[in-house]
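Hello! Here are a few notes to read alongside the model, in numbered points. Please have the viewer open as you go.

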Amino acid sequence: MKLGIMIPWNGPRVKIPVETIQLAESLGYDSLWLSDAATLATPAPLVALAAVAARSQRLKLGTGVLIAPPRNPVLLAKELATPLVKLFEERAAMASPSGS
């Protein structure tokens, strides 16, 4: 069985939880997930995941839900492909809700 950890990612004063990342890896967790929120106060989860990837060795990283409709699809594809997939290879994943 593989276990992951979901970190709430909202509010204006969110910090990357370096200690939590290191603890999750040392305890054998397989993945770390950040949420997205449709507010200007919430930092961009893809940018945060790139920072998390730089501070971890093997955790798979993903968005619990990435709100895609308000994002430009070309820029979103670039954001997903450039820092996460190219730099950290097979450690990136994304979940996106369906809807209009």
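1. Let me begin with helix α2. Eight of its ten residues are buried, so α2 is largely enclosed by the rest of the structure. Those buried residues are P45, L46, A48, L49, A50, A51, V52 and A53. Please keep in mind throughout that this is a predicted model.

2. Which element gives the largest share of the largest nonpolar core? The core has 16 residues, and L32, L34, L46, L49, L59, L61 and L76 are the ones that touch the most other members. Two or more residues each come from α1, β2, α2 and α3 (73-88). The largest share belongs to α2, with five residues. Two of the leucines just named, L46 and L49, also appear among the buried residues of α2.

3. Next, helix α1, which spans residues 18-26 and has I21, A24 and E25 as its buried residues. Why do they sit on the same side of α1? They do so because they cover an arc of only 95 degrees around the axis. You may like to note that the buried set includes E25.

4. Now for the surroundings of that helix. The cover over the buried residues of α1 includes β1 (4-7), β2 (31-34) and α2 (45-54). On the face turned away from the buried side, α1 carries the exposed residues E19 and S26. If you check backbone torsions, look at G28, just after α1: its phi is positive, at about 90 degrees.

5. The largest pocket may also interest you. Its volume is about 160 Å³. The lining is made up of D36, A37, A38, T39, L40, T42, P43, A44, P45, I67, P70 and R71. Sorted by class, that gives eight nonpolar, two polar and two charged residues. P45 belongs to this lining and is also one of the buried residues of α2.

6. Finally, the chain as a whole. How many helices and strands does the chain have? There are three helices and four strands, and from the N terminus on they follow the order β-α-β-α-β-α-β. Of the 100 residues in the chain, 31% are buried. As for contacts between residues at least 6 apart in sequence, 80% of them join residues at least 24 apart.

Terms used
Residues are numbered from 1 along each chain as its sequence is written. This is a predicted model: local features need pLDDT of at least 70, side-chain atom pairs count only at pLDDT 80 or more; totals for chains, interfaces and linings use all residues. Side-chain values use heavy atoms; hydrogens and water are left out. Buried means under 20% relative accessible area, exposed over 50%, partly exposed in between (1.4 Å probe, protein chains only). The arc is that of the directions from the helix axis to the C-beta atoms. Contact means heavy atoms within 4.5 Å. A nonpolar core is a set of buried Ala, Val, Leu, Ile, Met, Phe, Trp, Tyr and Cys residues joined through side-chain atoms within 4.5 Å. On a 1 Å grid over the protein atoms alone, a cavity is a set of points where a 1.4 Å probe fits but cannot get out, and a pocket is an open set with protein on both sides within 12 Å along at least five of seven lines; lining residues have an atom within 4 Å of a point. Grid points are joined across faces, edges and corners, and a volume is the space filled by probe spheres set on the points. Ala, Val, Leu, Ile, Met, Phe, Trp, Tyr, Cys and Pro count as nonpolar, Asp, Glu, Lys and Arg as charged, and the others, Gly among them, as polar.
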